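Let's take a friendly walk through this model, starting where two chains meet and then turning to a sheet in one of them.

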Amino acid sequence: MVRHLFRLIWNRKRSNVLLLSEIFFSFVVLFGVATLLFNFGRNYVQPFGFRHDNVWRLTIGARQGEKMPRPQLDDVLRQVRALPGVQEITLTSFNTPFRFSTMNGDFARGSKKARGVDRYDADDRYGPLFGLKLREGRWFNASDDAATRPLAVISQDTREALFGAGETAVGKLIRSDDQFGGDAPKEYQVVGVADKVRMSGDFASATPSVWMRLAPHDTTSWESATVLVRVASGQGAPLQQRIVHTVAGLTRQWSTQVYALETDRLDKLKPTLAPLVALAVVGIFLVVNVALGLFGVLWYNISQRRAEIGLRRAVGATGAGIGRQFLGEVLVLTTLGVLAGSLLAVQFPLLGAFEIEPQVYLMAMLMATGLIYVLAAGCAWQPSRLAAGIQPAAALREE
Amino acid sequence: MENLLATSTDTRAQLPLNGPAAEETPVLQLTNIEKVYQTSTIETVALNRVNLTINRGEFVSIMGPSGCGKSTLLSLMGLLDEPTSGTIAVDGRLVTSFSDRELAAIRNLKIGFVFQSYHLINDLSVVDNVEVPLLYRPGMGGKERRKRALAALDKVGLSARTGHFPSQLSGGQRQRVAIARALAGGPEIILADEPTGNLDSVMGEEIMDLLLGLNRQDGVTIVMVTHDEHQALKTQRVVRFFDGSQVG
Ligand SMILES: Nc1ncnc2c1ncn2[C@@H]1O[C@H](COP(=O)(O)OP(=O)(O)OP(=O)(O)O)[C@@H](O)[C@H]1O
Ligand SMILES: [Mg+2]
């Protein structure tokens with residue numbers, strides 16, 4: 001009977017092309033949506049690799065056209081650190097976690113390259129403030145003041161890109177490899193390797209990162225500074241006021257704003273979720289469309305094939321057998337559509353597209369396949385029952 | 001063959017059948033059949049108190065004006081529909097309480113249908129069309145099906161056209177395919193509803209000869225609805241209907 005169905009479908013290929021392409025496209029769309037969902041979900045359950053709770057972001061800015069000398073900035077940090085409720089303070093670059101701005105670059109070591117690395121300026125308190133877990137070596141400390149080279153802590157994924165498995169990373173030199181020709185290539189000595197971090201938000205994957213030590217007491221001047229503060233839990237507006245006052249008390253020229261990292265995280269969530277929600281809505285819309293299409297085509301097919309149904313009943317098919325035949329035809333078509341879709345879908349993991357893990361693609365394929373079968377069987381169910389219930393005598397009478 | 005011109009209705013059909021020999025068991029026996037079509041507006045009595053016995057090896061013609069219930073009678077004989085009242089026995093077994101599954105099996109094994117409009121499946125080749133009834137026969141393999149289908153096509157003289165599609169055939173050829181399909185399953189009885197109704201007289205004659213041959217040489221029982229007196233005269237018996245009732 002399956003051979004018979006194949007022959008029937010093949011001979012009817014012109015009218016089945018529509019149905020087949022609908023199944024194919026809905027498979028591809030479902031696969032895309034499922035891939036994104038799985039990928040986001042997979043990222044979501046990964047640890048951030050740092051603690052962002054009870055961390056506040058201070059942006060301190062000098063007046064228009066003026067600069068902030070580092071000694072004065074250090075004074076501010078000391079004063080704020082001394083406030084009751086403040087546990088840790090660190091000076092860093094503008095690209096704090098969950099912000100929309102990043103500082104990207106490539107790093108190289110010999111012939112090995114790490115591309116699109118997130119670069120952060122960090123002082124000795126940055127690692128402890130975020131609770132970064134060091135897998136090798138250590139975080140920066142005061143003993144590094146004597147170092148003759150710029151120092152860096154790298155994340156585990158940067159390490160994997162630049163070092164072999166058995167190699168020690170600590171003490172080795174890596175080279176910043178800025179293709180855009182901003183700075184001259186600069187060599188950093190690795191002092192530690194930290195766990196992977198996901199600083200771009202809840203749904204982002206871990207990004208290779210490098211923290212470059214901010215030399216203390218340098219002579220450079222800043223136009224604005226980003227300072228992160230870890231506070232005791234339960235701190236709120238009063239402490240924020242006191243921080244603002246403390247900075248203002250030291251110099252009237254500077255202004256301060258305080259934000260919670262948790263707010264930054266939520267702010268980042270919205271623009272990330274919006275396209276996901278939009279895509280899911282489009283996906284649902286398409287699936288409903290396809291379902292209605294399948295339903296309609298089947299319904300039409302059956303009304304077109306009443307005489308055939310009558311004949312088959314006359315020569316020995318039961319009502320249930322007719323229902324099974326129509327369901328079977330849809331499932332054979334679905335299988336063909338899913339196979340064609342899978343052929344396309346499997347290219348993504350094979351080509352390593354979009355840096356998404358192969359397992360995510362495979363899970364998405366399984367999910368899309370399952371959904372398509374459920375969809376097809378669901379849509380075919382009612383029309384098949386209708387076909388099963390057709391009275392043979394009446395169907396044969398019509399012409 | 002001597003009986004060729006006999007046209008009298010078999011009045012013995014209503015005789016009680018108490019313990020006849022196996023050979024004498026009628027292929028089909030309809031007793032007190034009534035068929036009423038109920039639609040929202042009207043009630044049509046298509047058949048009224050019909051008693052009819054079809055004996056093994058007979059070739060029976062059914063005649064009557066349009067709308068008198070001939071097709072209805074044939075679909076009841078073919079177990080495609082149920083009578084409103086009355087009983088139908090196939091090979092001496094009452095089928096009144098049979099399930100859909102059992103009825104389908106009897107249709108498949110014992111009955112072959114031929115229709116005025118052929119009812120071939122346009123998307124299947126000639127040989128695939130002839131194989132359709134065999135698809136519903138449990139346990140029959142593809143090779144056996146093909147063998148039987150080809151033999152049936154040989155019998156109707158269409159061996160050369162097995163790969164054609166129905167649209168590539170003439171009306172007469174299509175009806176031959178339909179007869180081959182009816183024959184493929186080796187039925188005891190063929191029910192033909194105006195098999196020559198769509199054909200010109202020459203082709204109609206060919207089909208009629210084919211059916212006569214099947215009846216005489218192969219002993220297939222045939223019940224045929226026809227409007228053609230000339231054809232009816234060639235059969236052993238003519239049953240006439242008027243307005244749902246037998247009239248002679
Ligand atoms: N499904 C149905 N619903 C309602 N009435 C029906 C149905 N089928 C048949 N009839 C009616 O039953 C009567 C007998 O119909 P039938 O088709 O058996 O006649 P017929 O003798 O075969 O006619 P023809 O020679 O034109 O084929 C007609 O009056 C017809 O309208
Ligand atoms: Mg009729």
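How many residue pairs are in polar contact across the interface of chain B and chain A?

## Polar links across the interface

In this predicted model, the rule finds 10 residue pairs in polar contact between chain B and chain A, counting pairs with both residues at pLDDT 80 or more. The side of chain B that touches chain A is made up of 12 nonpolar, seven polar and eight charged residues.

The rule also finds two salt bridges across this interface. One of them joins B:Asp100 to A:Arg313, with the closest N and O atoms 2.9 Å apart.

## Who contributes to the contact

Chain A brings 26 residues to the contact and chain B brings 27. Together the two chains bury about 2300 Å², 60% of it on carbon and sulfur atoms. Three residues, B:His119, B:Asp123 and B:Tyr136, supply 28% of the area that chain B buries against chain A, more than any other three.

## The sheet in chain B

Chain B also holds an open sheet of six strands, in the order β6-β7-β8-β3-β9-β10, with mixed pairing. At its edges are β6 and β10 (245-246), each of which pairs on one side only. Strands β3 (residues 59-63) and β9 (residues 237-242) of chain B pair in the parallel sense over four bridges, and B:Ile62 stands opposite B:Val239 in β9(B).

Two helices are worth finding here. α2(B) packs on the sheet, touching β6 and β7 (189-193) of chain B, and its direction makes about 75° with that of β6(B). Helix α6 (residues 201-218) of chain B lies across β3, β7 and β8 (221-225), running at about 150° to β8(B).

Methods. Residues are numbered from 1 along each chain as its sequence is written. Chains are lettered from A and ligands numbered from 1 in the order in which they are written. This is a predicted model: local features need pLDDT of at least 70, side-chain atom pairs count only at pLDDT 80 or more; totals for chains, interfaces and linings use all residues. Side-chain values use heavy atoms; hydrogens and water are left out. Contact means heavy atoms within 4.5 Å. Buried area is the accessible area (1.4 Å probe) that two parts lose on being put together, summed over both. A salt bridge is a side-chain nitrogen of Lys or Arg within 4 Å of a carboxyl oxygen of Asp or Glu. A polar contact is a pair of N or O atoms within 3.5 Å; within protein, one must be able to donate a hydrogen and the other to accept it, and residues adjacent in sequence count only if both atoms are side-chain atoms. Ala, Val, Leu, Ile, Met, Phe, Trp, Tyr, Cys and Pro count as nonpolar, Asp, Glu, Lys and Arg as charged, and the others, Gly among them, as polar. Two strands pair if DSSP finds at least two bridges between them. Axes are lines fitted to C-alpha atoms, for helices over the stretch in contact, and angles run from 0 to 180 degrees between N-to-C directions.
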